[in-house]
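I opened this model to look up a few things about its rings, its strands and its confidence. Here are my notes, in the order I took them.

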Amino acid sequence: MKFYAVRVGRSPGIYTSWDVCVSQVKGYPGAVFKSFKSKAEAQSFLDVDAAEPTLDIGTDGSSKSSTAVDIWVDGSCIHNGGDDMQLGWGYLILKEDRELHRASGNDIPEEARQHRNVAGEIQAVLKALDWCHAQGIPSATIYYDYQGLAEWVKGFWKAKTPFTQAYVATVKAHGMDLRWGKILAHSGEKYNEIVDQLAREAARAGAGVRETGNGRGVK
């Protein structure tokens, strides 16, 4: 049996039915949820965040900024046998469901390849924050698959490799007000499917960076 912990949703709690869990989070802004093999693990997931601000409250206690955007990220790893892998990343930036920008690529640092698809997801976060910084966007909610992306930055997990340590330092150096929304991979969520496809296509392409969007930032 699996246990589904809904940290942020219509009715936060622990559920044993995937369909019921989906009904609590589908279409709910900033929903945070995850599956576990035991009820104790699910409860720990809920308890860790109990003392933290919700996704709609900033680090200074203020309401979510009207200039905030939603960033969806994903990474991909295609195995070709042995150590031969193709990695890719992709991100999508929206404001109130209006697409501002999307980009993808496979320029993953050689030292990061050991992290496989997680390396792509990390690269997507860094690329997206670079774009937001260039546009003067001060705050964002990042929607991601891999739990470590938020846990490393928050300090709940220790970044042990040079790549993850550099990731944490770079995210903090941007100085943006960030909120984190953990989503379940391959659950049919529209924007998660889009960035998953962007990352996979970039991994298959083998070279280059592709970007689309109006480039005008938040209005």
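**Entry 1: a charge over a ring.** I started with Arg 7, whose charged end sits over the ring of Phe 45, 3.8 Å from the ring centre. My criterion was NZ of Lys or CZ of Arg within 6 Å of the ring centre and within 35 degrees of the ring normal.

**Entry 2: ground rules.** This is a predicted model, and I took local features only at pLDDT of at least 70 and side-chain atom pairs only at pLDDT 80 or more, while totals for chains, interfaces and linings use all residues. I number residues from 1 along each chain as its sequence is written, and my side-chain values use heavy atoms, with hydrogens and water left out.

**Entry 3: confidence.** I checked pLDDT, the predictor's confidence in each residue, from 0 to 100. The protein has a mean of 80, and 79% of its residues reach 70 or more. Which elements have the lowest and the highest mean pLDDT? I found the lowest, 50, in strand S9 (residues 209-213) and the highest, 94, in strand S6 (residues 98-105). For these names I used DSSP runs numbered from the N terminus: helices are H or I with at least four residues, strands are E with at least two.

I also noted that pLDDT stays under 50 over residues 49-65, where the model has 25 contacts beyond four places in sequence. Residues 215-219 also stay under 50, with 14 such contacts. A contact here means heavy atoms within 4.5 Å. I remind myself that where pLDDT is low, the predicted coordinates should not be read in detail.

**Entry 4: Tyr 15.** I found Tyr 15 in strand S2 (residues 13-15). Is this residue buried or exposed? Tyr 15 counts as buried because its relative accessibility is 17%, and my cut-offs are under 20% relative accessible area for buried, over 50% for exposed and partly exposed in between (1.4 Å probe, protein chains only). Leaving out residues up to four places away in sequence, Tyr 15 touches Lys 2, Phe 3, Tyr 4, Val 6, Val 20 and Gln 24. Of these I looked up Phe 3: twelve residues separate it from Tyr 15 in sequence, and 5.7 Å in space, C-alpha to C-alpha. I also saw a polar atom of the Tyr 15 side chain 2.5 Å from the backbone oxygen of Ser 11.

**Entry 5: aromatic pairs.** How many aromatic pairs does a search of the whole structure find? I got eleven, pairing rings of Phe, Tyr and Trp (its six-membered ring) with centres within 6.5 Å, where planes under 30 degrees apart are stacked, over 60 edge-to-face and the rest tilted. One of them is Tyr 4 with Trp 18, a tilted pair at 5.5 Å centre to centre and 50 degrees between the planes. This pair links distant parts of the chain, 14 residues apart: Tyr 4 is in strand S1 (residues 3-8) and Trp 18 in helix H1 (residues 18-25). Tyr 4 is buried at 12%, whereas Trp 18 is partly exposed at 27%.

Next I looked at Trp 152 and Trp 157, which are edge-to-face because their planes stand at 80 degrees, with the centres 6.1 Å apart. Trp 152 is buried at 10%, and Trp 157 is partly exposed at 31%. Ring pairs join both of these with Tyr 146 and Tyr 167 into a cluster.

**Entry 6: strands.** For pairing I asked for at least two DSSP bridges between two strands. S1 pairs with S3 in the antiparallel sense over five bridges, and Phe 3 has Phe 36 in S3 as its bridge partner. In S3 (residues 32-36), four of the five residues are buried.

S7 (residues 139-144) is largely enclosed by the rest of the structure, because six of its six residues are buried. On one side I listed Ser 139, Thr 141 and Tyr 143, and on the other Ala 140, Ile 142 and Tyr 144. That fits the general rule: in a regular strand the side chains alternate between the two faces of the sheet.

S7 runs parallel to S4 (residues 69-79), with four bridges, and parallel to S8 (residues 177-182), with six. Asp 70 is partnered with Thr 141 in S7, and Ile 142 with Trp 180 in S8.

S4 and S5 run antiparallel, joined by ten bridges; here Asp 70 stands opposite Leu 94. Ten of the eleven residues of S5 (residues 85-95) are buried. My last note is the hairpin of S5 and S6: two residues lie between the strands, and Glu 96 in the turn has a positive phi of about 55 degrees.

Technical notes:
Polar contact = N/O pair within 3.5 Å; in protein donor to acceptor, adjacent residues only side chain to side chain.
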